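Good morning, and thank you for the time. I should like to take you through one structure, a few places at a time.

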Amino acid sequence: MSMKDGFFWGGATAANQFEGGWNKGGKGPSISDMVTGGTHAVPRRITPELEEGTYYPSHEAVDFYGHYKEDIALMAQMGFKMFRMSINWSRIYPTGYDLEPNEEGLQFYDNVFAELKKYNIEPLVTISHYETPFGLTEKYNGWASREVIDCYIRYCTTLFTRYKDQVKYWLTFNEINSLALPIGSFLAGGILFEGAKLLYDDKDTPQTRFQALHHQFVASAQAVKLGHEINPDFKIGCMIGYLTTYSNSCNPDDILLAQKRDQLSNLLCGDVQVRGAYPGFAKRFFEEQGVEINMQPEDAKTLREGCVDFFSFSYYMSIVESTDDSLERTGGNLFGGYKNPYLETSEWGWQIDPKGLRYTLNHVYDRYQIPLMVVENGLGAADVVEADGSIQDDYRIEYLKSHIEQMKEATADGVDLIAYTMWGCIDLVSASTGEMKKRYGFIHVDKDNDGNGDLSRTPKKSFYWYKQVIESNGEQL
Ligand code: BG6
């Protein structure tokens, strides 16, 4: 079995974790630039004023800003067909509410797209990936205010017109469903609740958060419509951080709980963006939470007219739901759940579940019947550089191989899967912990958790393995 002809094999990154150059070329600060480093045990802090002597991982990240030619050449060596990257909003609009874009910022991405074209690598551009300009947090408390929709649309208009002939595939928001969960408030929404000090703080009001999510839904729908007007060939997708959820038992109470988790964490956002309207279950959920979404009269029409062309998602793990709260818990992407005795976990406690990917692909495709892309998947691991300088990351190959096998099964099941961009194809900063130690890449970057290192790039064993996967269109794993 192999993937369909023209399948987009590639890798994924996000500017806030990869690009660096945080104050170069006229760029303003983004929300991620105000977040300190951390570890698995030490939470990242939000500092609305930068502290002298404190380490901020996004400021240099791994300096794609200064290494983009070398990095793209390495991707080309692996045979990449697609590269998922994000544009740093505050590189284009430094405060977010400026009326004119920053030309130097636009030129940087002109150069990146020209380099990708040289190697026939198709860009997949995330318009907003945890990079809301910090100016929008200061002025409007981020997406809590409706005014931010206009700022986002101004930014989209600039991108769509400038890169009309360079970029065909776009994602409006990374993991838009982060805002359906308290941990998304700052990172995804740019909302700074009073007293919130930690990146994942529990200071939160569902009313503000879901109103912010509604603003993003409207912004996304407006962007889809606008993009299609500017270039009818554009393909614009949604992006959901998929939290595949199993019931712990056949107890109907557990089943209902798992279903509810899937509805609220995943399907709520998917339904609005793919079907163009809030699903039935949202009404009861909002009532129970005391949430009242303030909708403008034109919003329903906007959502209906701005349905996405394809559905993309990140998939790292699955979780278990149960009514028995004495069960052992496990960590995870966005949030954890109960431990699944049938699965192994990564060093960071994420449950490894390749078959869950096949299950998810079928589940999503059955519901929406539009092309799917897996735009993030991978294993965060602490790699060891051997005495001869090599990195023997067989565990990563094993993880990726088992997931790609399940993508092939899903394709045979009839799912229209068109792309796979492995997360963090070149080592980058971890979003949740701010570490460099949690590495995902095919390519090692010499940099540690405290920012030491010469940023040199070294292909790992998985680099050569992935090259052969792409060459054989997934046949040779
Ligand atoms: C996704 C995000 O949730 O998971 C990425 O879109 C993030 O930005 C990735 O990096 C992996 O998570 P982490 O915490 O290991 O970096």
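Let me begin with a question: where does aspartate 383 lie? Aspartate 383 is in the loop that runs between strand E13, residues 372–376, and helix H14, residues 394–412. Please keep in mind throughout that this is a predicted model.

Is aspartate 383 buried or exposed? Its relative accessible area is 13%, and the cut-off for a buried residue is under 20%, so aspartate 383 counts as buried. The side chain of aspartate 383 also has a partner, since a polar contact of 2.5 Å joins it to the side chain of lysine 460.

A second loop residue offers a contrast. Proline 232 is placed in the loop between helix H9, residues 206–230, and strand E5, residues 235–241. With a relative accessible area of 64%, proline 232 is exposed. Proline 232 and lysine 168 are 64 residues apart in sequence, while their C-alpha atoms are 9.7 Å apart in space.

I now turn to the ligand. How many residues surround the ligand? There are 15, and the closest are Glu175, Ala431, Ser432, Lys438 and Tyr440. Sorted by class, this shell holds six nonpolar, six polar and three charged residues.

Three side chains deserve to be named individually. Glutamate 175 places a polar side-chain atom 2.6 Å from an oxygen atom of the ligand. For tyrosine 440, an N or O atom of the side chain is likewise 2.6 Å from a ligand oxygen atom. In asparagine 174, a polar side-chain atom lies 3.0 Å from an oxygen atom of the ligand. As for cover, the ligand on its own has 380 Å² of accessible area, and the protein covers 98% of it.

Asparagine 174 leads us to another residue. Its side chain is joined to that of histidine 129 by a polar contact of 3.1 Å. Histidine 129 sits in the loop between strand E3, residues 122–126, and helix H6, residues 134–140. With a relative accessible area of 1%, histidine 129 is buried.

The next topic is helix H3. What does helix H3, residues 64–78, span between its end C-alpha atoms? A straight helix of 15 residues would span 21 Å at 1.5 Å a residue, yet H3 spans only 18 Å. H3 also has a kink of about 40°, centred on glutamate 70.

Several residues of H3 are buried, among them Phe64, Tyr68, Ile72 and Met75. A general point helps in reading such a list: an α-helix has 3.6 residues a turn, so residues three or four places apart point the same way. Also buried in H3 are Tyr65, His67, Asp71, Leu74 and Met78.

Consider next what lies on either side of this helix. After H3 comes glycine 79, which has a positive phi, near 90°. Before it, alanine 61 is found in the loop between helix H2, residues 57–60, and H3. Alanine 61 has a positive phi of about 45°, although it is not a glycine. At 0% relative accessibility, alanine 61 counts as buried.

Which other residue has a positive phi although it is not a glycine? Glutamine 369 does, with a phi of about 55°. Glutamine 369 belongs to the loop between helix H13, residues 354–368, and E13. That strand, E13, also borders the loop of aspartate 383, where we began.

Note on methods: Residues are numbered from 1 along each chain as its sequence is written. This is a predicted model: local features need pLDDT of at least 70, side-chain atom pairs count only at pLDDT 80 or more; totals for chains, interfaces and linings use all residues. Side-chain values use heavy atoms; hydrogens and water are left out. Helices (H or I, at least four residues) and strands (E, at least two) are DSSP runs, numbered from the N terminus. The expected span of a helix is 1.5 Å times one less than its number of residues. The bend at a residue is the angle between axes fitted to the seven residues ending there and the seven starting there. Buried means under 20% relative accessible area, exposed over 50%, partly exposed in between (1.4 Å probe, protein chains only). A residue is near a molecule or strand if one of its heavy atoms lies within 4 Å of it. A polar contact is a pair of N or O atoms within 3.5 Å; within protein, one must be able to donate a hydrogen and the other to accept it, and residues adjacent in sequence count only if both atoms are side-chain atoms. Accessible areas come from the Shrake-Rupley method with a 1.4 Å probe; for residues, only the protein chains shown count as cover. Ala, Val, Leu, Ile, Met, Phe, Trp, Tyr, Cys and Pro count as nonpolar, Asp, Glu, Lys and Arg as charged, and the others, Gly among them, as polar.
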